[in-house]
Amino acid sequence: VCSSDLVKVPSSLVLDEDIRTEQSILASRKRCHTYVLGPFLSQNGNVIKCQLQIELAFRFKKTSIKMRQLAEKCPEAVGLVRSFLCGDGFHIQPPLVQNHDQWAMLLERLKFDWIRDNKTKIFTELSKFWKKSHTPFEQFAHFFFYRDATPSHESKGMLTHRQKPIMVATLAGDIDAVVLLCDLGFYVPPDYFWEMVGIVGSSTNSQFHEIRKVLSYFFERQPRNTAPVADKQKDKQTTTQTKVRDPKNPWS
């Protein structure tokens, strides 16, 4: 290819496109604050994760009796655990575990219900019994923990749980859910992942095209150590350590 055949994109156009992407992200964040429970989802992802862990440890129906008795007899213990996990300062509390309607709204807001019901090409194997036997709070916690999920086997060429939330929200065409998931620290897949689900030819869809620009924006700013790594791959990288003999100790 001759150098004369290459078309250089003016830097001004690239800057204008980045500005438009940032404006769409800011507009989405403003809309999220107007939603019911939007401020709760606008917190740091680690804070929400710790709050879910606290609810599972102290207020969940399947929690051990000792932990529930501890929360009843010593309420300050829950506050100490919360301040240790979430950090100091004011944090918006999650809905009550028994408030199924609000947790169902949170499921819809992040498109976790689309993962549960397999409404896209990305399939997740969950039985009907699992859906009926788990409350909306349990379901929300289950899918939110996809954020830090690591496959237990080699996942080359496969979609893992960690990659599903943002991809499903993108296929749903919900840019607000995509921005929320990105802000919460969910894994942002690279652009070539769309070849795996067969949506490369959908660039004519303006909404999908805008979401892909948003994902590219977040992917460039994503820490590079967030790529899913299989546990077995970690085990293969373990090295043997040789013991150094101490000359002063003949029995070493």
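**Exercise 1. The side chain of R147**

Task: Find which side chain makes a polar contact with the side chain of R147, and decide whether R147 is buried or exposed.

Solution:
- Start with the partner. In this predicted model, the side chain of R147 makes a polar contact with the side chain of N46, at 2.8 Å.
- Place the residue. R147 sits in the loop between α9 (136–144) and α10.
- Check its cover. The relative accessibility of R147 is 8%. The cut-off for buried is under 20%. R147 therefore counts as buried.
- List the surroundings. Leaving out residues up to four places away in sequence, R147 touches G45, N46, K49, R162, L184, G185 and F186. N46 is thus both a touching residue and the polar partner.

**Exercise 2. Helix α10 and what it packs against**

Task: State how many residues of α10 are buried, and which helices they pack against.

Solution:
- Fix the range. Helix α10 covers residues 164–172.
- Count the cover. Seven of the nine residues are buried, so the helix is mostly covered.
- Name them. The buried residues are K164, P165, I166, M167, V168, A169 and T170.
- Find the partners. These buried residues pack against α7 (112–117), α11 and α12 (206–220).
- Look past the helix end. Just after α10, G173 has a positive phi of about 75 degrees.

**Exercise 3. D174, in the loop after α10**

Task: Work out where D174 lies, which backbone nitrogen its side chain reaches, and which residues it contacts.

Solution:
- Locate it. D174 belongs to the loop between α10 and α11.
- Test burial. D174 has 14% relative accessibility, so it counts as buried.
- Follow the side chain. It reaches the backbone nitrogen of D176 at 3.1 Å.
- Now look beyond neighbours within four places in sequence. D174 is in contact with R109, K111, A169 and I211. A169 is also one of the buried residues of α10.

**Exercise 4. The largest nonpolar core**

Task: Identify the residues that touch the most other members of the largest nonpolar core, and the helix that gives the most to it.

Solution:
- Take the size. The core holds 44 residues.
- Pick out the best-connected members. L41, L110, F112, F140, F143, F144 and L215 touch the most other members.
- Name the main contributor. Helix α11 (residues 175–183) gives the most, with seven residues.
- Zoom in on L215. Not counting residues up to four places away in sequence, L215 touches I166, T170, V178, C182, V188 and W194.
- Link back to α10. I166 and T170 are among the buried residues of that helix.

**Exercise 5. Cysteines**

Task: Give the number of disulfides, and say whether C50 and C182 are buried or exposed.

Solution:
- Recall the bond. A disulfide is a covalent bond between the sulfur atoms of two cysteines.
- Apply the cut-off. The sulfur atoms must lie within 2.5 Å. By this rule the count is zero.
- Check C50. Its relative accessible area is 11%, so C50 is buried.
- Check C182. Its relative accessibility is 10%, so C182 is buried. C182 is also touched by L215.

**Exercise 6. Positive phi outside glycine**

Task: Compare the loop positions and cover of L37 and N118, which have positive phi although neither is a glycine.

Solution:
- Take L37. Its phi is about 65 degrees. L37 lies in the loop between α1 (11–34) and α2 (38–41). At 19% relative accessibility, it counts as buried because the cut-off is under 20%.
- Take N118. Its phi is near 55 degrees. N118 is in the loop between α7 and α8 (128–133). With a relative accessible area of 23%, N118 is partly exposed.

**Exercise 7. The whole chain and its confidence**

Task: Describe the fold by helices, strands and burial, then flag the stretches with pLDDT below 50.

Solution:
- Count elements. The protein has 13 helices and zero strands.
- Judge cover. Of its 252 residues, 39% count as buried.
- Check contact range. Among contacts between residues at least 6 apart in sequence, 71% join residues at least 24 apart.
- Take the surface. The accessible surface is about 15700 Å², and 55% of it belongs to carbon and sulfur atoms.
- Read the confidence. The mean pLDDT is 77, and 67% of residues reach 70 or more.
- Flag the start. Residues 1–9 have pLDDT below 50, and this stretch has two contacts beyond near neighbours in sequence.
- Flag the second stretch. Residues 229–245 also have pLDDT below 50, with 16 contacts beyond near neighbours in sequence.

Definitions and conventions:
Residues numbered from 1 in each chain as written. Predicted model: local features only at pLDDT ≥ 70, side-chain atom pairs only at ≥ 80, totals over all residues. Heavy atoms only, no water. Core = buried A, V, L, I, M, F, W, Y, C linked by side-chain atoms within 4.5 Å. Buried < 20%, exposed > 50% of the residue type's maximum accessible area, 1.4 Å probe, protein only. Helix = DSSP H or I, 4+ residues; strand = E, 2+ residues; numbered from the N terminus. Contact = heavy atoms within 4.5 Å. pLDDT = per-residue confidence, 0-100. Polar contact = N/O pair within 3.5 Å; in protein donor to acceptor, adjacent residues only side chain to side chain. Areas by Shrake-Rupley, 256 points an atom, 1.4 Å probe, with all protein chains shown as cover.
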